[in-house]
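Got your viewer open? Let's walk through this one together, one selection at a time.

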Amino acid sequence: MRKTSYLFPLLGLALISFDSCTGSNTSTSTTETNANTVAETSAKEMALTEAQLEKARTSYASYCSGCHGEQMEAFTDRKWKHGNSAENLFAAIKHGYPDEGMPAFEQTFTDDEITGLVAYIQEGIQNVKQYDFSEETAATEVYTSEALSYRLDTVATGLEIPWGMAFLPNGDMLITDRNGAFYRLPKGNRQLQKIAGAPEVLAQGQGGLLDVELHPDFAKNNTIFLSYSAVKQEGDQTLSTTAVMRAKLEGNKLTGQKVIFEAQPWARTRHHYGSRLEFGRDGMLYVTVGDRGQHHENAQTIERAPGKVHRIKDDGTIPADNPYVNEKNAIASIWTIGNRNIQGMVIHPQTGAIWTNEHGPRGGDEVNIAEKGKNYGWPVISYGINYNGTVLTELTKKEGMEQPLWYWVPSIGPSGMAFVTGNRYKGWEGDLLVGSLRFQFLSKLKMDGNKIVSEEKLLKNIGRLRDVKMGPDGYIYVAVESPGTIYRVVPVE
Ligand code: HEC
């Protein structure tokens, strides 16, 4: 059996699990690290009983950890957006911030239970330390999987949230950072170079500079595509949407920038942008757009772009054979409908089919093949439930709606995906790799034709794994968030 928890001691991590604080006095923390006097006072004021703490712990684990981290990672080392007083936290949990993707929990918890959660968070964040996935340990540590052993080479550091990667024919890598920065990593060099001319983005919530894709004829035309959350002001409202820019890469500068796709309508929300980009074998650019958190309005409606896969030509015009081109009022770029938030897409190396993964609500993340005109069911059918615990739909199957090839309950928060190609990885050939944001591992799905037969979890605890790509050198590259780092997975004898 594979042991993965060994990562913690080896890397000198001091992640203190909540189990370890229950034995001590529950109201005060003796940990000096990350001491936060404000939080400490509030936690003391609200001394929790063992029973309240236990209740808060289970509530946090089942309702909150999927988005905020098992260890409250999302709450540490951060500027609180809405204030960090007990009242601020209480209001956030009770009423939510729906436009930012924070659900309201007033139907789920009593005020007392919310108070318990507030104290639990304020106490808990003092005990969380950030990962210190230092270069040396990463580069020398050997990991074992069922089929082979491997180590990690650190390829790039100094990023925040690396979202997309693309390899140039000369071996240089292009990397997008969600904060809006766009980089070139020259081959064999760890020094990131900034590329000028990336689009203006709304780097809030899940938005920012997102994916990057080369034109299939890049070697001849130097053309690239960037997806991002575009921003515009309408009256006193700041609206955003998923957009795609086409540009020429000249040295470390973009020129001839042109916006070739904007998902209509724009929205006030700051989440579910989707936005993976892939060129198909048919020379068309596939673009995923998430439901923007408005699934009832968007996902099943061909008059609206969110909650879909789109297919456009390299200049943004519409291919004549798209499934809805002849339907009145339809958005003609639509390729599939009923998708929640697709943040992973890859072309199958043998069949050329378009493989995607999408985030379920609470549970029900899926892997699908995106086929022309098909309906993937969201939000009519789903293997997940609402974040606040209420039933979203009773249905998991329906006539005319596709079943996923694979689904995860609980949600792993799937991100980029890649098929293992070449012959460097004995025993992994043809497997499908999917990053997990929530549980911070790389999922390796064993394939049998188009069937997924089993899952193995690699790189456990590496951090929120945002993207995975096969490099032209035949190695697997993974991008991990906060601190943003790119690793190469190198098999060892
Ligand atoms: C679907 C994902 C999701 C779930 C589930 C969720 N949250 Fe949030 N939460 C967010 C987002 C997004 C924000 C917006 C601020 C941010 O980006 O951190 C947020 C904000 C907050 C804030 C305010 C943070 C600030 O900076 O002011 C608190 C407190 C909070 N959540 C607590 C909770 C608790 C407690 C639970 C469980 C009962 C929970 N959340 C469940 C996504 C989620």
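Here is a short tour, from the whole chain down to a few chosen spots.

**Before you click**

What you have is a predicted model, where local features need pLDDT of at least 70 and side-chain atom pairs count only at pLDDT 80 or more, while totals for chains, interfaces and linings use all residues. Residues are numbered from 1 along each chain as its sequence is written.

**The whole chain**

Start by showing the protein chain as a cartoon: there are 9 helices and 25 strands. Helices (H or I, at least four residues) and strands (E, at least two) are DSSP runs, numbered from the N terminus. Of the 493 residues, 44% count as buried, meaning that 20 or more other C-beta atoms, placed from the backbone, lie within 10 Å of the residue's own.

**The ligand**

Next, select the ligand and the 22 residues around it. A residue belongs here if its C-beta atom, placed from the backbone, lies within 6 Å of the molecule. Which of them come nearest? Cys64, Cys67, Lys81, His82 and Met102 do.

Now colour helix 4 (50–68), helix 5 (86–95) and helix 6 (111–124), which each supply at least two residues of this shell. Helix 4 gives the largest share, 5 residues. Colour the shell by class and you get 15 nonpolar, 5 polar and 2 charged residues. Ala, Val, Leu, Ile, Met, Phe, Trp, Tyr, Cys and Pro count as nonpolar, Asp, Glu, Lys and Arg as charged, and the others, Gly among them, as polar.

**Where two helices cross**

Keep helix 4 and helix 6 on screen. Their axes (lines fitted to C-alpha atoms over the stretch in contact, with angles from 0 to 180 degrees between N-to-C directions) come within 9 Å and cross at roughly 85°. That makes the two helices roughly perpendicular, a label for angles of 65 to 115 degrees. Show the side chains where they touch: among them are Gln52, Leu53 and Tyr60 of helix 4, and Glu113, Gly116 and Tyr120 of helix 6. Contact here means C-beta atoms, placed from the backbone, within 7 Å.

**Two hairpins**

Finally, jump to strand 20 (residues 432–436) and strand 21 (residues 442–448), which run antiparallel and are joined by 4 bridges; strands pair if DSSP finds at least two. Val434 stands opposite Ser443. In the 5 residues between these strands, find Gln440, with a positive phi near 60°.

Carry on to strand 22 (residues 451–458), antiparallel to strand 21 and joined to it by 7 bridges. Here Lys446 faces Ser454. This hairpin has 2 residues between the strands, and Gly449 takes a positive phi near 65°.

Methods. Parallel < 35°, antiparallel > 145°, perpendicular 65-115°, else oblique. Contact = placed C-beta atoms within 7 Å. Buried ≥ 20, exposed ≤ 12 C-beta atoms within 10 Å, placed from the backbone.
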